[in-house]
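Let's take a walk through this protein, starting with the overall layout and then zooming in on a few spots. Keep the 3D view open as you read.

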Amino acid sequence: MRRSSTDETPYRRSPSVDSKSGSPPLRYSGEYEYHSSPFVFGLRTTPGPKTKASYTSAQGRKYVVFYLDLSFIFLLELRRCRMAEGCLRALRYGMVFFNLLFWLCGCGILGVGVWLSITQGNFATLSSSLPSLSAANLLIAAGTVVMVIGCLGCVGAVKENRPLLLSFFILLLLIFLLEILFIILFFAYQDQIDLYAQNDLKKGLQLFGTEGNIGLTNAWSIVQTDFRCCGVTNHTDWFQVYNASRVPDSCCLEYSDNCGLENPGTWWTAPCYERVKGWLQENLVALWIFALCTALTQILGLVFSMTIFCHTVKAADTYYA
C-alpha cells in the first residue's frame with residue numbers, strides 16, 4: 001500500500017531552481033535550529049547547549065571595560081553627591097538650632113529689659129548726657145536685634161529662602177564690622193574715652209537724689225555698695241554735690257541712716273571708676289573668651305548662611321536650565 005505524503009516525517013523539500021548546485025537541501029523539523037551565533041552588547045555567544053557567555057572579540061572586551069569604568073564613576077559621583085547633601089543638611093539643621101536658640105535668648109533679654117523699664121524706670125543710668133543709655137534700654141535694643149536676626153536665620157534656613165538668608169547675612173555682617181570698628185576706636189582713643197567718661201560721671205552726680213532720676217540714684221547706690229567705693233575719682237566728689245562734707249549713705253563702711261554725715265573715717269575712700277576698671281582688668285581673660293566666642297559664632301553664621309544661599313541659587317539655576 002502506498003504511503004500518503006502527509007504521513008512522511010520529517011518533511012523534505014525538493015531543490016528549487018534558485019538553489020545552488022551542491023548545496024545541501026534545507027530540512028525543517030519540529031525544533032528551530034540556529035546556524036549563527038547571536039551578538040548582544042558586544043558579547044558573542046557560542047552555539048550549542050552552552051549558556052555561559054565568552055568574550056571572544058577585542059571589541060567586546062573594550063565594551064565591558066568601558067561599562068565598568070562608567071559604572072564606577074557613576075557610583076563615585078553618587079557617593080559624593082550624597083555626602084554633599086548630608087553636609088548641607090547638617091549645616092541647615094545646625095543653623096536652625098542655633099538661630100532658634102538665639103531667638104529664645106533675644107526674647108528673654110527683651111523681656112528683662114521691658115520688666116526693668118516698667119518697674120525700675122531708668123535703671124542703671126550713670127550718664128547725665130546720655131540718660132537714655134540705661135540698662136533697660138540697652139537690654140531692649142539688644143534683645144530686639146537678636147530676635148530679628150535669629151528669626152531671619154531660622155526661617156531662612158528652614159524654607160531655604162534666598163531673600164531671608166541674604167538679609168540675615170547682611171545684618172550679621174554689619175554688626176560684626178561695627179564691633180570691629182568699636183574695638184579699634186576704643187583702643188585708639190582710650191585716654192580720651194577715660195577722661196570723657198570721668199567728667200560725664202561727675203556731672204551725673206549732680207542729679208543724685210533729685211526727682212525723676214531714680215534710676216541714676218539706684219545705680220550709684222548699687223555700684224558704691226558692691227564695689228566698696230565712693231565717688232568717681234574720690235569721695236570728695238560728693239562734697240561739691242552737697243556743698244558740705246557729706247557723702248551718700250551707700251559710701252559708709254556700715255550702712256545706717258544718715259551715716260554719711262558722720263566721721264570720714266567711716267566712709268569708703270576708693271574711687272569707683274578705678275574699682276570698676278580694675279574689676280574689668282581682672283576679668284579680662286573671661287571678657288576676651290566671651291568676645292572670641294561671639295566673633296566665632298558670628299563668622300560661622302555668616303559662612304553657613306552664605307553656603308546655604310549659594311546652594312539654593314545653584315539648585316534654582318539647575319532647575320530652570
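**From layout to details**

Going from the N terminus, the elements run β-β-α-α-α-α-α-α-α-α. That gives you 8 helices and 2 strands. Bear in mind that this is a predicted model.

Now the whole chain. The protein has 321 residues, and buried ones make up 22% of them. Its exposed surface comes to about 23100 Å², with carbon and sulfur atoms supplying 65% of that area. How do the contacts spread along the sequence? Take the contacts between residues at least 6 apart in sequence: 56% of these join residues at least 24 apart.

Next, find helix α3, which covers residues 162–188. Its 27 residues reach 39 Å from the first C-alpha to the last, close to the 39 Å expected at 1.5 Å a residue. Look at the N-terminal end of α3 and you'll see N161 acting as a cap: one of its side-chain oxygens lies 3.2 Å from the backbone nitrogen of L164. Which residues of α3 are buried? They are L165, F168, F169, L172 and F176.

What does α3 pack against? One partner is helix α2, residues 135–159. The two helices pack at an angle of about 145°, their axes 8 Å apart, and the crossing is left-handed. On the α2 side, the residues that meet α3 are V145, I149, L152, G153, V155, G156 and A157. Across from them, α3 brings L164, L165, S167, F168, L171, L172 and I175. You've met a few of these names already: L165, F168 and L172 are among the buried residues of α3, and L164 supplies the backbone nitrogen in the N161 cap.

Let's finish with two histidines. H235 sits in the loop between α5 (214–227) and α6 (239–242). Is H235 buried or exposed? Its relative accessible area is 16%, so H235 counts as buried, the cut-off being under 20%. The H235 side chain makes a polar contact of 2.8 Å with the side chain of N234. Leaving aside residues up to four places away in sequence, H235 touches C230, V247, W267, W268 and T269.

The other histidine, H311, lies in helix α8, residues 284–320. With a relative accessible area of 31%, H311 is partly exposed. Try locating E160 from here: H311 and E160 are 151 residues apart in sequence, but 9.2 Å apart in space, C-alpha to C-alpha.

Key. Residues numbered from 1 in each chain as written. Predicted model: local features only at pLDDT ≥ 70, side-chain atom pairs only at ≥ 80, totals over all residues. Heavy atoms only, no water. Helix = DSSP H or I, 4+ residues; strand = E, 2+ residues; numbered from the N terminus. Expected span 1.5 Å × (residues − 1). Buried < 20%, exposed > 50% of the residue type's maximum accessible area, 1.4 Å probe, protein only. Polar contact = N/O pair within 3.5 Å; in protein donor to acceptor, adjacent residues only side chain to side chain. Contact = heavy atoms within 4.5 Å. Areas by Shrake-Rupley, 256 points an atom, 1.4 Å probe, with all protein chains shown as cover. Axes fitted to C-alpha atoms, helices over the stretch in contact; angles between N-to-C directions. Left-handed = near helix turned anticlockwise from the far one by under 90°.
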